[in-house]
Amino acid sequence: MTSLYLSCATSTTAASRHPFLKPPHVITTHAKPSHPLHKISCSSTTSQNHSDDTKPQGGKVVDRRNVLLGMGGLYGAANLVSGNTPAASANPILPPELNKCGTATNWNNGESLDGINCCPPLTTDIIDYKLPPVFQMKIRPSAHRVSAEYMYKYNLATDRMRRLPADDPRNFMQQANIHCAYCNGAYDQPGQGTLDIQIHKCWLFFPFHRWYLYFYERILGKLIGDPTFALPFWNWDNPKGMTIPPMFVEDPRSALYDRKRNQKNVRAVVDLGLTDATDTLQLVSNNLTIMHNEMIRGISDPLDFMGARYSEGTDPNPGEGSVERGSHTSIHAWVGDPEQPSGEDLGNFYSAGRDPLFYCHHANVDRMWFLWQRLPNNKLPDKRITDPDYLNASFLFYDENAQLVKVYVRDTFDNRRMGFDYERVDLPWMDYRPPPQAARTKINKVVDAPNAKTLFPLKLDRVVRFQVDKTKKGKADEILVLENITVDASKLLKFDVFVNDEDDNPSELDKASYLGTYAQLPHKPRSGTTSNSSSIRLKLTDLYDDIDIGDDDAIVVTLVPRHRGPGVTIGGIKIIENPTKPNPTAAAAAADDTTTTSG
C-alpha cells in the first residue's frame, strides 16, 4: 500500500478563516466539515530569530542570562513578556562531558547495554556553532510524495553514511548512538554527580531533536555533494500518509530498510492511539482526533505542548508535552519489532536511531512544532518560552565536517533561519473537532461512581471511573491535572482519559468525551531507581463546549489503560482553574509578526 485513499477531497476554493496569514506561506482553514473525513488545506508562514544572547567579546563568550531576548517572527518583541518566565532561575542544562560518557542502559530491563558503546569519538576541539547564511532554502518533502530521483539520492546518501569508517562521528551507527547516549543515561549532568541528562519528557525534546536532524541532514547532503538535500517527513498526520512510506519497506537491499520492524504493521494504517482498532476508517478518524487534541484542543499553556521545565540539578523526566507523549511515542511503539527482546529498533530509545525511519518520523514531529508555532490561537496569549534556563540550554553534535560543535536551544526557534522549510500539505486535523454530544444522560447513569478523593493514590491496571469535583458549576475555563504519575520505567505504558463518556467503547477516540493520553516508551530513570514520576495537564474548556456540562459541579473521568498489567500509579487528580487567560491583543500581534516576516 503506497498510500491510503479516502474519499475526502481537498478543498482549494473556500476562503480562509484566518485572513491575516498571507500567501505564499499560508495556513488555510475552511468551515468545519459536515463529515469527519473532509480535509482542509494548509500552508504556513515563517518566523525569524535573529537573537543571540551570547556575544563574543575579546575572544570569549559572554552569557547574558538575565536579558530577555528580542526575537523576530512569532517570538517578536510584541510578545516579549511571557507568563512562562519564572521569577527566579536556576541554570540551564549544560552539554555533556564526553570523556565521562558511561555505559548506557536498556530501558526495557534496566540492564547495562553490554557490548554496545553509545559514546561518541573523543576530541578536545569544541567550537560554538554559528548558523551559516542561507542562500537556498531546503524544502523537506512529504515522504509519500517524493520522486524516484529523490529516493535514489536519499538511499545513496544513507548508504555512503553507512560505509564511513566506524570511528567517523558521521558514520550511520555513530549518528544512531547520539540518541542512545542522550536518552539512555550515558551522560550525567556536569557537576551533578550521577544525575542523568535526559532530553525526553521535558521542554528540551523539540529543540534537541531539531538540532539532531539538522546535522544528520547536512551530513547526508555533504556525502552526495548536494547542499540542498532535505530529509523527508513521514506525514502520519494525514490520511494519505498513514502508512510507512514505501521507500523504507519495499527493498530489503536498500540502505533505508530495517528488518527490525513490526511486520504486521509495515503496510498497515498507523494506530496513533494504540487502540488495536481494526476498522480502517475508525483508525483514521481516531488519528485525526488525536492530532486535533495534541495540537489545539488540549493546550492551555506552552509547556503543555513543549514539555515541562527542566534545568541543572533537577531530576530528569519532569513531564512530556502533548505530541511527545501522544503521536510521537505511539509511532515508536507501533513500528518497533515485538519479536525483539526490547522492541528494537524504533521501539527502544537506545536503538531507535538505527532505523532510518526514525529520522523521517522525527522530521514530522519537528513539523508539528513548526505548525504549532504558527497556528492562530487567541486563547493562548504567548507560545514562547523566555526562561533563560530554556534559551541557554546546550548540546554537543558533530557537524558535516566532523567538527564537534556546541549548539543552543535559542537558535532553534526559526527553522528558516536554520535553512529548511516544509512542503505544504493538507492538515485535515485542524478542523477535526469531534461532534458535540449530550452527556447528561450518561452522567445520571453513573452517579454511583466514587469520588476521586476515595481512590487515590490509584494503581491503574484496569478501566476505572470516578467523579472529580469542579472549581465551579457548569462551563468554566478549567484544567484536569493528573499528579505524580509513577511508572515502571522498563515498560511501554499508555492510558487514555475520557470525560462523561457515553458509550464505553474504548476503541473509538473520535468523540467529544476523549480528553487526552499519557504514554511512555521504556526508559532509564535516575541512576539506582526503577521508576520515575511526572504530571500532565489536560485542558477541559473546549471539551465543555462539546458535552452538555449544564450546571454540574463534578465530572465523571474514565481512565482506560492500553497496556496490560501493572506499571502505573497515579498519585492524585484534581481540576484547577486555567491560570492562562485569553489575550486577543497578543494573538493579533503574533499574527502581525507572521505576515510581515520576510524570506
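Let me start with one pair of strands: β11 and β12 pair in the antiparallel sense, and 6 bridges hold that pairing. Before going on, I should say that this is a predicted model. In this pairing, phenylalanine 495 stands opposite tyrosine 518, which belongs to β12.

These two strands belong to an open sheet of 4 strands, with the order β9-β14-β11-β12 and antiparallel pairing. The edge strands are β9, residues 464–469, and β12, residues 514–520, and each of them pairs on one side only. From one strand to the next, the twist averages 25°.

On its other side in that order, β11 meets β14. Strand β11 covers residues 493–499 and strand β14 covers residues 554–561, and they pair in the antiparallel sense over 5 bridges. Here valine 497 stands opposite leucine 559 of β14.

Now, is β12 enclosed or open to the outside? It is largely enclosed by the rest of the structure, because 7 of its 7 residues are buried. A helix also lies over this part of the sheet: α6, residues 322–335, lies across β11 and β12 and runs at about 55° to β12.

Let me step back to the whole chain for a moment. The protein chain has 11 helices and 15 strands. It has 599 residues, and buried residues make up 61% of them. As for contacts between residues at least 6 apart in sequence, 78% join residues at least 24 apart.

Next is another sheet. This one is an open sheet of 3 strands in the order β3-β6-β5, and its pairing is mixed. The edge strands are β3, at 126–128, and β5, at 394–398, each pairing on one side only. The twist here averages 35° from one strand to the next.

Within this sheet, β3 and β6 run parallel and are joined by 3 bridges, with β6 covering residues 404–408. If you want one position to look at, take isoleucine 127, whose bridge partner in β6 is valine 405. There is a helix packed on this sheet as well. Helix α3, residues 205–223, touches β5 and β6, and its direction makes about 15° with that of β5.

Now some single residues, beginning with two charged ones in one loop. Lysine 383 sits in the loop between α7, residues 357–374, and α8, residues 388–391. Lysine 383 is buried but has no salt bridge; aspartate 382, the nearest side chain of opposite charge, is 9.3 Å away.

So what does the side chain of lysine 383 reach? One answer is the backbone oxygen of tryptophan 372, at 2.5 Å. The backbone oxygen of leucine 375 is also reached by this side chain, at 2.5 Å. Leaving aside neighbours within four places in sequence, the residues in contact with lysine 383 include Pro302, Gln373 and Asn377.

The other charged residue is aspartate 387, which also has its place in the loop between α7 and α8. With a relative accessible area of 0%, aspartate 387 counts as buried. Its side chain and that of arginine 309 are joined by a polar contact of 2.8 Å.

I will finish with the backbone. Which residues does a cis peptide bond join? One such bond joins glutamate 344 and aspartate 345, where omega is about 0°. Aspartate 345 is found in the loop between α6 and α7. Another cis peptide bond runs from phenylalanine 456 to proline 457, and its omega is near 0°. Proline 457 lies in the loop between α9, residues 440–445, and β8, residues 458–459.

Then there are two positive phi values. Aspartate 276 is a residue other than glycine, yet its phi is positive, near 65°. Aspartate 276 lies in the loop between α3 and α4, the latter at residues 280–297. Asparagine 317 is not a glycine either, and it has a positive phi of about 65°. Its loop is the one between α5, residues 302–306, and α6.

Are these two residues buried or exposed? Aspartate 276 has 60% relative accessibility, which is over the 50% cut-off, so aspartate 276 counts as exposed. Asparagine 317 has 2% relative accessibility, which is under the 20% cut-off, so asparagine 317 counts as buried.

How values were computed
Residues are numbered from 1 along each chain as its sequence is written. This is a predicted model: local features need pLDDT of at least 70, side-chain atom pairs count only at pLDDT 80 or more; totals for chains, interfaces and linings use all residues. Side-chain values use heavy atoms; hydrogens and water are left out. Two strands pair if DSSP finds at least two bridges between them. Axes are lines fitted to C-alpha atoms, for helices over the stretch in contact, and angles run from 0 to 180 degrees between N-to-C directions. Contact means heavy atoms within 4.5 Å. Buried means under 20% relative accessible area, exposed over 50%, partly exposed in between (1.4 Å probe, protein chains only). Lys and Arg count as positive and Asp and Glu as negative; His and the chain ends are not counted. A salt bridge is a side-chain nitrogen of Lys or Arg within 4 Å of a carboxyl oxygen of Asp or Glu. A polar contact is a pair of N or O atoms within 3.5 Å; within protein, one must be able to donate a hydrogen and the other to accept it, and residues adjacent in sequence count only if both atoms are side-chain atoms.
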